[in-house]
Amino acid sequence: MIVPDPGPIAPRFLTQDDRIAIADGLHARQPVKGIAALIGKSVSTVYREIQRGSKDGPYQPWWAHNQALLRRRRPKEEKIRAGEPLRTTVRTKLAEKWSPQQVSRYLALPQ
């Protein structure tokens, strides 16, 4: 499935050009550290990208970019809409005059 490019994204994300530069660097047998310096990203980001984007063999930048776009796709269903127990707990705590921060911390506790 090919997803159309959603337009400008935050600089912390890899662009399609970054992914093509990674593929070119790998093809030229450049070290990952050098590729990361070239595109201005951390070495660990480039390693993770190579792991994610290597579909049945070598790194595939176009496939990797489409997969990244699918992972970022919006709108996603909100967690509070997905589960009745969660929704009930949040409503109860808010009705008891708990702040959203208190509810959030309560939900993070091991149950």
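## Gln51 and helix 3

In this predicted model, Gln51 is exposed, because its relative accessible area of 66% is over the 50% cut-off for that class. The residue belongs to helix 3. Gln51 can also serve as one end of a distance: its C-alpha atom is separated by 33 Å from that of Gly83, and the two residues are 32 apart along the chain.

Glu49 is another residue of helix 3. Is Glu49 buried or exposed? Its relative accessibility is 3%, and buried means under 20%, so Glu49 counts as buried. Apart from neighbours within four places in sequence, the contacts of Glu49 are Leu14, Arg19, Ile22, Tyr59 and Ala64. Helix 3 therefore holds an exposed residue, Gln51, and a buried one, Glu49.

## Overall form

The protein contains seven helices and zero strands. Read from the N terminus, the order of elements is α-α-α-α-α-α-α. The radius of gyration is 20 Å, whereas the globule rule gives 13 Å for 111 residues; the value is well over the rule, so the protein is more spread out than a compact globule. The C-alpha trace spans about 60 × 30 × 30 Å along its principal axes.

Of the 111 residues, 25% count as buried. The accessible surface of the protein is about 8,400 Å², and carbon and sulfur atoms account for 56% of that surface. Contacts can also be sorted by distance along the chain. Among contacts with a separation of 6 or more, 48% are between residues 24 or more positions apart.

## The largest pocket

The largest pocket holds about 310 Å³ of space. Its lining is made up of 14 residues, and those closest to the pocket centre are Phe13, Leu14, Arg19, Arg52 and Arg71. Two elements, helix 3 (43-53) and helix 4 (61-72), each give two or more residues to this lining.

Which helix supplies the largest share of the lining? That is helix 4, with five residues. By residue type, the lining has seven charged, five nonpolar and two polar residues. Two of the residues closest to the pocket centre, Leu14 and Arg19, also appear among the contacts of Glu49.

## Two loop residues with positive phi

Asp56 lies in the loop that joins helix 3 and helix 4. Its phi angle is near 55°, which is a positive value in a residue other than glycine. Asp56 counts as exposed, because its relative accessibility is 75% and the cut-off is over 50%.

Lys97 is in another loop, the one between helix 6 and helix 7 (100-108). What is the phi of Lys97 near? The angle is near 70°, again a positive value in a residue other than glycine. With a relative accessibility of 73%, Lys97 counts as exposed.

## Helix 5 and helix 6

Ala82 is part of helix 5 (residues 79-82). Its relative accessible area is 55%, so Ala82 is exposed. Leaving out neighbours within four places in sequence, Ala82 is in contact with Glu77 and Arg87.

Helix 6 covers residues 84-95, and Ala95 lies in this helix. Lys93 is found in helix 6 as well. Which of these two residues is buried, and which is exposed? Lys93 has a relative accessible area of 14%, and this is under the 20% cut-off, so Lys93 is buried. Ala95 has a relative accessible area of 59%, so Ala95 is exposed.

Lys93 touches Trp98, Val103 and Tyr106, if residues up to four places away in sequence are not counted. Ala95 gives a distance to the loop residue described above: Ala95 and Asp56 are 52 Å apart in space, C-alpha to C-alpha, and 39 residues apart in sequence.

Methods:
Residues are numbered from 1 along each chain as its sequence is written. This is a predicted model: local features need pLDDT of at least 70, side-chain atom pairs count only at pLDDT 80 or more; totals for chains, interfaces and linings use all residues. Side-chain values use heavy atoms; hydrogens and water are left out. Helices (H or I, at least four residues) and strands (E, at least two) are DSSP runs, numbered from the N terminus. Buried means under 20% relative accessible area, exposed over 50%, partly exposed in between (1.4 Å probe, protein chains only). On a 1 Å grid over the protein atoms alone, a cavity is a set of points where a 1.4 Å probe fits but cannot get out, and a pocket is an open set with protein on both sides within 12 Å along at least five of seven lines; lining residues have an atom within 4 Å of a point. Grid points are joined across faces, edges and corners, and a volume is the space filled by probe spheres set on the points. Ala, Val, Leu, Ile, Met, Phe, Trp, Tyr, Cys and Pro count as nonpolar, Asp, Glu, Lys and Arg as charged, and the others, Gly among them, as polar. The radius of gyration is taken over C-alpha atoms; the globule rule is 2.2 Å times the number of residues to the power 0.38. Contact means heavy atoms within 4.5 Å. Accessible areas come from the Shrake-Rupley method with a 1.4 Å probe; for residues, only the protein chains shown count as cover.
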